[in-house]
Amino acid sequence: MADRFDCDNCKESLYGRKYIQSDDSPYCIPCYDSLFSNTCEECKELIGHDARELFYEDRHYHEHCFRCFRCDRSLADEPFTSQDEALLCNDCYCNEFSSKCVACDKIVMPGSRKLEYSGSTWHEDCFVCHSCEQPIGSKSFIPDKDEHYCLQCYEDKFAPRCTRCKKTLAKGGVTYRDEPWHKECFVCTSCKTQLAGQHFTSRDDSPYCLKCFGSLYSKKCEACSKPITGFGGGKYISFEDRQWHQPCFTCSQCSVTLVGAGFFPDGDRILCRDCNTNL
């Protein structure tokens, strides 16, 4: 008598029937499917041995059940993503969750290069300088209302220009007569010394350091022949067409100070009362 060849589960004979061997034990098809097949996450039915099974994040699907939650498109051979456990094709995901480029109004695809600024998103190639229309990329830029400029275009268009050299002032500088100057360009008209942070004066709208102004335009002290500038609180005495520094206004004979005292002119000399009396 021939040996029996039965299903390991239901014990029915497998002679003349299809069966599947598992762990050295034979099973009829119905028993094998009920014992070993996974349940489809979508339709909740068993995924039979002869069905194509798809697996994603501990979940199993029939091939025909693995579809986009929004458009019902098959995802078996398509890129997809998951949102709150719902499967979405890339198109539906982008339409629902991805940002749109404010320049071209097209979707910024996940993983693509983009730029985000002030709550808005651009494709990298769409974020361009408003003036030269070149992509700004990772370079520095300056916003102006709803427009963006690369540094060079912003300086050319908006930055003030130095009154002397006509080049842009990116930062710093000084203002003289309501006009902008580079610090290194704002110099004494005569000696070219930089005047930024220094005391200076002007003549005919041209700036001068105090030394040059005194040397060129100030009257000279009758006693010491040095310029009388009047800057820094310096006081001086004026008589007829002659001027003296206050410390230099002394009697020509005895050198006593004549500031606040009576004096007498004697040709090019000035004398105190006593020296004039003794003449």
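Ser22 is placed in strand 1, which covers residues 19–22. The model described here is a predicted one. Ser22 counts as buried because its relative accessibility is 14%, and buried means under 20%. Apart from residues up to four places away in sequence, Ser22 touches Tyr27, Tyr32 and Phe36.

**The first strands and helix 1**

Strand 1 also takes part in the packing of helix 1, whose buried residues pack against strand 1 and strand 2 (25–28). Helix 1 spans residues 29–36, and Ile29, Cys31 and Asp33 are buried in it.

Ahead of strand 1 lies a segment that contains Arg4. With a relative accessibility of 62%, Arg4 counts as exposed. Arg4 is nevertheless in contact with Lys11 and Tyr15, when its neighbours within four places in sequence are left aside. Between the C-alpha atoms of Arg4 and Pro26 there are 12 Å in space, and the two residues are 22 residues apart in sequence.

**Domains in the records**

UniProt, in an unreviewed entry, places the feature "domain: LIM zinc-binding" at residues 38–98, 99–160 and 219–279. In the span 38–98, 13% is helix and 26% is strand, and the C-alpha atoms at the two ends lie 34 Å apart. The domain assignment of the protein gives domain 1 as 19–87, domain 2 as 98–158 and domain 3 as 236–278. How far apart do the C-alpha centres of domain 1 and domain 3 lie? They are separated by 119 Å.

**Strand 4, strand 5 and the largest pocket**

His62 is found in strand 4, which runs from 59 to 62. Is His62 buried or exposed? His62 is buried, since its relative accessible area is 7% and the cut-off for a buried residue is under 20%. Beyond residues up to four places away in sequence, His62 touches Cys40, Cys43, Glu45, Leu46, Ile47, Ala51 and Arg52.

Strand 4 also contributes to the largest pocket: strand 4 and strand 6 (86–89) each supply at least two residues of its lining. The space in this pocket is about 230 Å³. Its lining is made up of 13 residues, and those nearest the centre of the pocket are Glu42, Tyr61, Cys65, Arg67 and Phe69. By class, the lining residues comprise six nonpolar, one polar and six charged.

Ser82 belongs to strand 5, residues 80–83. Its relative accessible area is 22%, so Ser82 is partly exposed; this class lies between the buried limit of 20% and the exposed limit of 50%. Once neighbours within four places in sequence are set aside, Ser82 is in contact with Tyr56, Arg59 and Leu87. Ser82 and Arg70 are twelve residues apart in sequence, and their C-alpha atoms are 12 Å apart in space.

**Exposed loop residues**

The table lists three residues that lie in loops.

| Residue | Loop between | Relative accessible area |
|---|---|---|
| Ser138 | strand 8 (120–123) and strand 9 (141–144) | 79% |
| Lys166 | helix 3 (151–157) and strand 11 (174–176) | 52% |
| Asp204 | strand 13 and strand 14 | 70% |

Why does Ser138 count as exposed? Its relative accessible area is 79%, and exposed means over 50%. The C-alpha atoms of Ser138 and Asp205 are separated by 45 Å, and these residues are 67 residues apart along the chain.

Lys166 and Asp204 call for a remark on the backbone. Most residues other than glycine have a negative phi. Lys166 is not a glycine, yet its phi is positive, at about 70°. Asp204 likewise is not a glycine and has a positive phi, of about 55°.

**Helix 4 and its surrounding strands**

The loop that holds Asp204 lies between strand 13 and strand 14, and both of these strands meet helix 4: the buried residues of helix 4 pack against strand 13 (200–203), strand 14 (206–209), strand 15 (219–220) and strand 16 (227–228). Which residues of helix 4 are buried? In this helix, residues 210–217, they are Cys212, Phe213 and Gly214.

Technical notes: Residues are numbered from 1 along each chain as its sequence is written. This is a predicted model: local features need pLDDT of at least 70, side-chain atom pairs count only at pLDDT 80 or more; totals for chains, interfaces and linings use all residues. Side-chain values use heavy atoms; hydrogens and water are left out. UniProt positions are given in the numbering used here, feature names are shortened, and annotations may be inferred rather than shown by experiment. Helices (H or I, at least four residues) and strands (E, at least two) are DSSP runs, numbered from the N terminus. Domain bounds come from an automatic or database domain assignment. On a 1 Å grid over the protein atoms alone, a cavity is a set of points where a 1.4 Å probe fits but cannot get out, and a pocket is an open set with protein on both sides within 12 Å along at least five of seven lines; lining residues have an atom within 4 Å of a point. Grid points are joined across faces, edges and corners, and a volume is the space filled by probe spheres set on the points. Ala, Val, Leu, Ile, Met, Phe, Trp, Tyr, Cys and Pro count as nonpolar, Asp, Glu, Lys and Arg as charged, and the others, Gly among them, as polar. Buried means under 20% relative accessible area, exposed over 50%, partly exposed in between (1.4 Å probe, protein chains only). Contact means heavy atoms within 4.5 Å.
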